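Please look over the model shown below before reading on. The paragraphs that follow lead through its strands, its enclosed and open spaces, and two backbone positions worth a second look.

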Amino acid sequence: MALFRLFNSKKANLALALDIGTEFVKALVFRLEGEKGYVMGVGRKRQRLSDMQGGMVTDIQGVIKTCEEAILEASQEASQEVEQTIVGIAGELVKGSTTTVRYRRDNPKEKISFKELKEIVENVQEKAFGKIRSQLAWETGYRELDVRLVNAAIVDVKIDGFKVTNPLGFQGKEVEIGIFNAFAPIVHLGALETIADELGLDLLSIAAEPYAVARSVGLEEKPDFAAIFIDMGGGTTDIAVVRNGGVEGTKMFALGGRAFTRRISELLGLSFEEAERLKIEYSRGRLDAEMRQKIAEIIAPDVEVWLSGVELTLTDFALDLLPSKILLCGGGSELPEIKKALLGSEWVARLPFAKPPSVRFLKPEEVVNIKDETKKLKGPADITPMALANLAIDLAGEETVVEGLLSKAVRALRR
Ligand SMILES: Nc1ncnc2c1ncn2[C@@H]1O[C@H](COP(=O)(O)OP(=O)(O)OP(=O)(O)O)[C@@H](O)[C@H]1O
Ligand SMILES: [Mg+2]
């Protein structure tokens with residue numbers, strides 16, 4: 001991450017955001033100017049059907065080829081070549097959560113020192129590391145050693161209940177630090193590193209995609225913000241829960257738009273490509289009444305299954321009231337049934353919502369640090385790569401003291 005702070009290459013202010021999705025590779029070439037990123041080129045290429053499964057790379061060489069094409073398209077439009085990239089990681093095996101540790105100080109009158117802060121951060125990280133890693137290993141059947149940290153970030157720092165950015169020099173009884181950590185199996189992370197390597201790109205950072213999406217609306221400026229972010233792609237649905245302006249956790253399950261296409265193809269005896277076309281026509285309201293009815297019936301059971309997936313995922317966050325705002329992105333969410341299903345009352349009644357949640361699509365203009373010069377980023381599927389670029393800009397900004405300590409603790413743990 002330290003690398004990244006400087007955007008340290010010859011073309012220092014240029015970078016690539018690479019979203020390797022199950023269905024599409026999306027590549028954005030952007031330049032850093034002031035505190036904003038300007039998208040200069042966009043590339044989008046469909047993956048071969050067998051190269052990815054549920055957000056995970058299953059054929060590295062195949063994915064590299066598709067990435068190359070997407071990157072070429074983006075760099076040609078930008079008339080620039082890029083050397084450094086931020087890559088998103090997604091899929092059901094990526095898991096993120098915020099660990100908060102409260103720490104009582106022996107001597108509240110004493111000012112908080114660097115050494116004290118360092119110990120607190122290391123302590124939080126050790127706890128988080130052990131806990132999440134064993135949980136992920138248990139859930140996925142991987143051995144603990146085979147699970148690695150993807151990214152870590154400070155969610156909030158409080159002294160006696162007050163939010164501060166830099167705790168150094170403050171007095172107080174209690175320090176509270178929340179750190180978000182995302183973990184993934186090593187095979188999965190390693191695949192992304194290999195891809196970047198073979199593409200000849202300097203890998204600045206790998207980021208958990210739902211974390212990036214949640215951060216994209218500018219949480220730093222919104223201490224009271226609460227929402228549920230749902231990124232429904234082709235192979236996975238990624239969920240992030242934000243409360244009090246902090247990302248509390250991210251979870252994913254392996255069900256996305258591809259499932260509907262598969263079902264249509266099976267039941268109507270069509271090829272995957274034909275079924276995909278039909279689904280999109282359906283979704284845009286371009287089919288005649290009879291066909292529309294047929295497709296609606298075919299996809300209804302899978303929409304139910306998908307909604308149960310959302311419900312089950314949110315159960316994990318249901319110890320407190322759930323945010324009553326749902327923000328959607330990802331191409332799969334364009335199917336009209338998705339929003340409709342979320343607006344239904346039955347599943348809502350089974351979860352601790354204070355009121356029925358509102359549901360809407362995230363708009364590309366809402367990604368705070370990113371300006372699109374290409375005018376091509378319009379749909380829900382464009383949000384994820386934009387969010388990655390947005391996170392890169394955030395990371396390029398100045399590091400706070402606590403963030404610096406966190407980077408050090410992370411490096412130590414990775415060794
Ligand atoms: N208008 C539309 N109506 C319905 N579905 C759509 C529409 N446009 C795109 N999709 C679906 O969105 C999915 C692709 O979305 P997206 O590009 O966000 O996925 P991805 O990022 O490649 O996958 P993942 O995030 O799961 O790895 C496909 O299943 C596609 O059929
Ligand atoms: Mg995606």
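**Strands, spaces and two loop residues**

In strand E14, the residue that bridges with Asp 238 is Met 252. This pair belongs to a predicted model, in which strand E13, covering residues 237-243, and strand E14, covering residues 246-253, run antiparallel and are joined by 7 bridges. Both strands are part of an open sheet of 9 strands with mixed pairing, and its order reads E9-E8-E10-E7-E14-E13-E12-E15-E16. At the edges of this sheet stand strand E9 (162-163) and strand E16 (358-361), each of which pairs on one side only. Helix H9, residues 336-343, packs on the sheet, where it touches strand E12 (227-232), strand E15 (325-329) and E16, and the direction of the helix makes about 160° with that of E16.

A further set of pairings involves strand E1 (14-20). E1 runs antiparallel to E2, to which 7 bridges join it, and the two strands form a hairpin with 3 residues between them. Within this pairing, Ile 20 has Val 25 of E2 as its bridge partner. E1 also pairs with E6, here in the parallel sense and over 3 bridges, with Leu 16 bridging to Thr 85 of E6.

How many of the 7 residues of E1 are buried? The count is 7 of the 7, so E1 is largely enclosed by the rest of the structure. Both of its faces are covered, since the buried residues include Leu 14, Leu 16, Leu 18 and Ile 20 on one side, and Ala 15, Ala 17 and Asp 19 on the other.

Ile 20 returns in the lining of the largest cavity, together with Met 52, Gly 55, Val 57, Gly 88, Ile 89, Ala 90, His 188, Leu 192 and Glu 209. Strand E6 (84-89) and helix H4 (186-198) are the elements that give two or more residues to this lining. The volume of the cavity is about 60 Å³, and a search of the whole structure finds 1 cavity of 30 Å³ or more. Sorted by class, its lining consists of 6 nonpolar, 3 polar and 1 charged residues.

The second largest pocket holds about 820 Å³ of space. It is lined by 41 residues, of which Glu 23, Phe 24, Arg 44, Gly 331 and Gly 332 are the closest to its centre. At least two lining residues come from each of strand E1 (14-20), strand E2 (24-33), strand E3 (36-46), helix H6 (257-268) and helix H7 (272-283), and H7 supplies the largest share, 7 residues. The classes in this lining are 10 nonpolar, 15 polar and 16 charged residues.

Two loop residues remain to be considered for their backbone angles. Ser 79 has a phi near 50°, a positive value in a residue other than glycine, and is found in the loop between helix H2 (60-78) and E6. Is Ser 79 buried or exposed? Its relative accessibility is 61%, and because exposed means over 50%, Ser 79 counts as exposed. Asp 160, likewise not a glycine, has a positive phi of about 45° and lies in the loop between strand E8 (147-159) and E9. With a relative accessible area of 36%, Asp 160 is partly exposed.

Note on methods
Residues are numbered from 1 along each chain as its sequence is written. Chains are lettered from A and ligands numbered from 1 in the order in which they are written. This is a predicted model: local features need pLDDT of at least 70, side-chain atom pairs count only at pLDDT 80 or more; totals for chains, interfaces and linings use all residues. Side-chain values use heavy atoms; hydrogens and water are left out. On a 1 Å grid over the protein atoms alone, a cavity is a set of points where a 1.4 Å probe fits but cannot get out, and a pocket is an open set with protein on both sides within 12 Å along at least five of seven lines; lining residues have an atom within 4 Å of a point. Grid points are joined across faces, edges and corners, and a volume is the space filled by probe spheres set on the points. Helices (H or I, at least four residues) and strands (E, at least two) are DSSP runs, numbered from the N terminus. Ala, Val, Leu, Ile, Met, Phe, Trp, Tyr, Cys and Pro count as nonpolar, Asp, Glu, Lys and Arg as charged, and the others, Gly among them, as polar. Buried means under 20% relative accessible area, exposed over 50%, partly exposed in between (1.4 Å probe, protein chains only). Two strands pair if DSSP finds at least two bridges between them. Contact means heavy atoms within 4.5 Å. Axes are lines fitted to C-alpha atoms, for helices over the stretch in contact, and angles run from 0 to 180 degrees between N-to-C directions.
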